[in-house]
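Biologist: I am new to this one. Could you show me how to read its hollows and its interface?
Modeller: Gladly. Let us look at it together.

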Amino acid sequence: MTTNDVLIKVEGLEKSFDGVEVLKGIDAEIHKGDVIVIIGASGSGKSTFLRCLNLLEEPTGGRILFEGTDITDPDVDINLHRQKMGMVFQQFNLFPHKTVLQNLTLGPIKLLKQSKEEANKNAMELLERVGLADRADAYPNQLSGGQKQRIAIVRALAMNPDVLLFDEPTSALDPEMVGEVLDVMKSLAKEGMTMAVVTHEMGFAREVGTKVVFIDEGVIAEENTPEEFFNNPQNPRLQEFLSKVL
Amino acid sequence: MQEFFSTLQDNFISTFITEDRWTQLLSGLGITLLITFFAVIIGIILGCLIAIVRSTYETNVKTKKKLRFSDYVIKVLNAICKVYLTIIRGTPVVVQLMIMYFIIFANSRDSILAAILSFGINSGAYVAEIIRSGIMSIDKGQFEASRSLGFNYKDTMIHIILPQAFKNVLPALGNEFIVLLKETSVAGYVAVQDLTYVGNLIRSRTYEAFFPLITIAAVYLVLVMILTFFLGKLERRLRNSDH
């Protein structure tokens, strides 16, 4: 599935908050069709790395090339590029004052200039796909955590993105709801969607990931295919980490 | 006993019937409503603008290292807003009203317009802080989710943040408008013939205080109750997404 089309290229990415260095120079490439799974201890900088990719955190150094454009350049209109980079958050962040359907259609109508009918039709197809078509007129607060996260995923999908960024998408869920969200993510991966996923779900990383990245103290300490990564870890910190979580 | 009632009747007649004084009260009520209505509108517009400038500065400009031209504009506007808030909240509304009428409107002497502007500008300062608190109360994740879809700062504010913020601060806003309605009772200081002014005028003509004063008190009370009723309705309607 992996081709040589580089979708995102990260060069020497650095980020510090008030003088505290969180990312200390990260180089990475995400190709079309990749499912990059990013793991690491809490505070290692893995979420910060992901949030830098669509500039929700502004990097303090380095460059990020998305589809050939340096999006860290202040003269680039980041909003246009963000339309092509969907993001799914740990806390779902659905818009509580809008119905499920409106959550899905807001972006396509306002940003992609789709007609209301077209946007509604696409949204209903996406809802169908995650089994939530019957909740189209519900408000987010009427849904369970797993349902909210599935809605959040299709909200990002409704924009027709080239890549999806997942920031610990199952960490805020009750255990029995983790499966339903992972199933949606797995089916997306199968269809060839490019994804970057920060997660603690090692099973998902092993099964779905095309590459697993271990971030430790602000640098990429190890990256490899899932088999090598889990069966034959080189970095001592990674060995220690895996022995704790597996 | 009978004497008591006949005095009461006389007083009632002199307060309301003689010289058709009830029509004066009615026109006073009209002026009170007119001033309140336009002051509320000015207050909302000013308040929203100031709240947006202030929170844009807080969340967008303050933390930036590389400032662009538009950021400098916000910076200057923010400074102006701060001065405005300090002056308006730091001086009594009656004094502001008199400054507006006797100094700024010295040549035109349009007392009703002066009152509308004074109360509107005064209310704007309070509305601004109420709305700003509403904007600050919205979870950062809402902002990030909207930006991650590709919405710019302005559209995020309009479609995502402000509707939620408005809902959160509606009780506080309602309170501000109730205060504003009653505050207009000092408009008589600059010869506006509002409800309070007219009531007091009738009292001084008839040498009878009971009916005029109790009447205007009752009218304010009823107005506030009506306002409260509609605000409650609006609140319930906006709450339909919280189940």
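**Cavities, pockets and an interface**

Modeller: We can start inside. The second largest cavity has a volume of about 40 Å³. Keep in mind that this is a predicted model.

Biologist: Which residues line the second largest cavity?

Modeller: Both chains take part. From chain A come A:Met87, A:Phe89, A:Ala152, A:Arg155 and A:Ala156. From chain B come B:Ala145, B:Ser148 and B:Leu149. Two elements give two or more residues each: helix 5 (145–157) of chain A and helix 6 (140–149) of chain B. By class, this lining holds six nonpolar residues, one polar and one charged.

Biologist: How many cavities of 30 Å³ or more does a search of the whole structure find?

Modeller: The search finds two. The largest has a volume of about 70 Å³.

Biologist: Which residues line the largest cavity?

Modeller: Take them in order along chain A. The lining starts with A:Ala28, A:Glu29 and A:Ile30. Then come A:Ile36, A:Ile38 and A:Phe49. A:Lys211, A:Val213, A:Ile220 and A:Glu223 complete the list. Strand 2 (20–31), strand 3 (35–39), strand 9 (211–216) and strand 10 (219–224) of chain A each give two or more residues to this lining.

Biologist: Which strand gives the most to the lining of the largest cavity?

Modeller: Strand 2 of chain A does, with three residues. Now sort the lining by class. Seven residues are nonpolar, none is polar and three are charged.

Biologist: Let us turn to pockets. How much space lies in the largest pocket?

Modeller: About 1,800 Å³. Its lining counts 48 residues. Those nearest the centre are A:Glu58, B:Thr59, B:Asn60, B:Lys64 and B:Arg147.

Biologist: Which elements give two or more residues to the lining of the largest pocket?

Modeller: In chain A, look at strand 1 (6–17), strand 4 (61–66) and helix 2 (78–82). In chain B, look at helix 2 (21–61), helix 3 (69–90), helix 5 (111–137), helix 6 and helix 7 (153–183). By class, the lining of the largest pocket has 17 nonpolar, twelve polar and 19 charged residues.

Biologist: And how much space lies in the second largest pocket?

Modeller: About 380 Å³. Of its 16 lining residues, B:Thr36, B:Phe37, B:Val40, B:Phe177 and B:Leu227 are the closest to the centre. Helix 2, helix 7 and helix 9 (210–238) of chain B each give two or more residues to the lining. Helix 2 of chain B gives the most, with six.

Biologist: How do the residues of that lining divide by class?

Modeller: There are 15 nonpolar residues, one polar and no charged ones in the lining of the second largest pocket.

Biologist: Next, the interface. How is its size stated?

Modeller: It is often given as the accessible area lost when the parts come together. Here chain A and chain B bury about 2,200 Å² between them. Of that area, 57% is on carbon and sulfur atoms. In chain A, the residues that lose the most area to chain B are A:Asn79, A:Phe95 and A:His97. Together they make up 22% of what that side buries.

Biologist: How many residues are in contact?

Modeller: 27 residues of chain A are in contact with 24 residues of chain B.

Biologist: What should I know about charged pairs?

Modeller: Side chains of opposite charge can pair when their charged atoms come close. Over all chains, the structure holds 18 salt bridges. B:Glu144 lies in helix 6 of chain B and A:Arg51 in helix 1 (residues 46–53) of chain A, so this pair joins two chains. Their side chains meet at 2.6 Å, N to O, in a salt bridge. Across the interface of chain A and chain B, the rule finds one salt bridge.

Biologist: How many residue pairs are in polar contact between chain A and chain B?

Modeller: Seven, with both residues at pLDDT 80 or more. On the side of chain A that touches chain B, helix 2, strand 6 (85–88) and helix 3 (100–110) each give two or more residues. Helix 3 of chain A gives the most, with three. By class, that side has twelve nonpolar, nine polar and six charged residues.

Notes: Residues numbered from 1 in each chain as written. Chains lettered and ligands numbered in written order. Heavy atoms only, no water. 1 Å grid on protein atoms, 1.4 Å probe; cavity = no way out; pocket = protein on both sides within 12 Å on 5 of 7 lines; lining within 4 Å. Points joined across faces, edges and corners; volume = space filled by probe spheres on them. Helix = DSSP H or I, 4+ residues; strand = E, 2+ residues; numbered from the N terminus. Nonpolar A, V, L, I, M, F, W, Y, C, P; charged D, E, K, R; others polar. Contact = heavy atoms within 4.5 Å. Buried area = accessible area lost by both parts, 1.4 Å probe. Salt bridge = Lys/Arg side-chain N within 4 Å of Asp/Glu carboxyl O. Polar contact = N/O pair within 3.5 Å; in protein donor to acceptor, adjacent residues only side chain to side chain.
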